[in-house]
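Here are my notes on the model, as promised. Have it open while you read.

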Amino acid sequence: MKVLNNDIENTIRCKECGSLIGYNRYDIEHGIQGMAYIKCPVCGEKSWLPDSDITITPSNITFPQHFTCHTDGVDISDEKINELIQDAIRDLQVHKDEDYYYCETGNLHVCAFRWDNDEVYHVVVTKDYYDCEVQYESIDCRGE
Ligand SMILES: [Zn+2]
């Protein structure tokens, strides 16, 4: 028997390099959508710990840690982007009561907005975007 370290509460085997990693709660970090992980001290890869996830809220959201970056998504062609821009504008033309339209596909996020008393559509096209879902807190509830 061998005592490694009194601070170690758990162990996990790194799926990348096979190292057995001892860790405690202070070693746990939270990444995409609040998912918990341990960063391997040997190879630097993340080992995910699903039982220690946190809920992302307006109070704790942090960029870029909690966000998913869509840089690895399929690259969308300009031709397809132009189709999606037309879809966005057409949707707002048909749905006069809607203020925005958005579409996400591959590494692309397209959105279109309009504001009251304005006569323009504001269209945003971005690749390699980041996003995160944030749980409502009590102040955010609509009281419906
Ligand atoms: Zn490793």
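**Notes on the fold**

1. Starting with a small detail: Phe-113 has His-122, in S9, as its bridge partner. That pair belongs to the ladder between S8 (residues 108-113) and S9, which run antiparallel and share 6 bridges. Strands here are DSSP E runs of at least two residues, helices are H or I runs of at least four, and both are numbered from the N terminus. Two strands count as paired if DSSP finds at least two bridges between them.

2. A word on provenance: this is a predicted model, with local features needing pLDDT of at least 70 and side-chain atom pairs counting only at pLDDT 80 or more, while totals for chains, interfaces and linings use all residues. Residues are numbered from 1 along each chain as its sequence is written.

3. Zooming out, the sheet is open, with 3 strands in the order S7-S8-S9 and antiparallel pairing. S7 (100-105) and S9 (122-127) are the edge strands, each with a single partner, so one side of each has no neighbour in the sheet. Twist from one strand to the next averages 10°.

4. Helix H1 (residues 78-94) lies across S7, S8 and S9, at about 30° to S8. For that angle, axes are lines fitted to C-alpha atoms (for helices, over the stretch in contact), and angles run from 0 to 180 degrees between N-to-C directions.

5. What makes up the largest nonpolar core? Its 6 residues are Leu-84, Ala-88, Tyr-101, Leu-108, Val-110 and Ala-112. H1 and S8 are the elements that give two or more residues to this core, and S8 has the largest share, with 3 residues. A core is a set of buried Ala, Val, Leu, Ile, Met, Phe, Trp, Tyr and Cys residues joined through C-beta atoms within 7 Å; buried means 20 or more other C-beta atoms within 10 Å of the residue's own, with C-beta atoms placed from the backbone.

6. Look at Val-110: neighbours within four places in sequence aside, its contacts are Ile-81, Leu-84, Ile-85, Ala-88, Tyr-102, Cys-103 and Val-125. Contact means backbone-placed C-beta atoms within 7 Å.

7. Overall, the protein chain has 1 helix and 10 strands. The radius of gyration, over C-alpha atoms, is 22 Å, well over the 15 Å that the globule rule gives for 144 residues, so the chain is more spread out than a compact globule. That rule is 2.2 Å times the number of residues to the power 0.38. Just 8% of the 144 residues count as buried.

8. The chain divides into domain 1 (10-64) and domain 2 (78-128), bounds that come from an automatic or database domain assignment. Their centres, taken over C-alpha atoms, are 36 Å apart.

Key: Two residues are in contact if their C-beta atoms, placed from the backbone, lie within 7 Å. A residue is buried if 20 or more other C-beta atoms lie within 10 Å of its own, exposed if 12 or fewer, and partly exposed in between; C-beta atoms are placed from the backbone.
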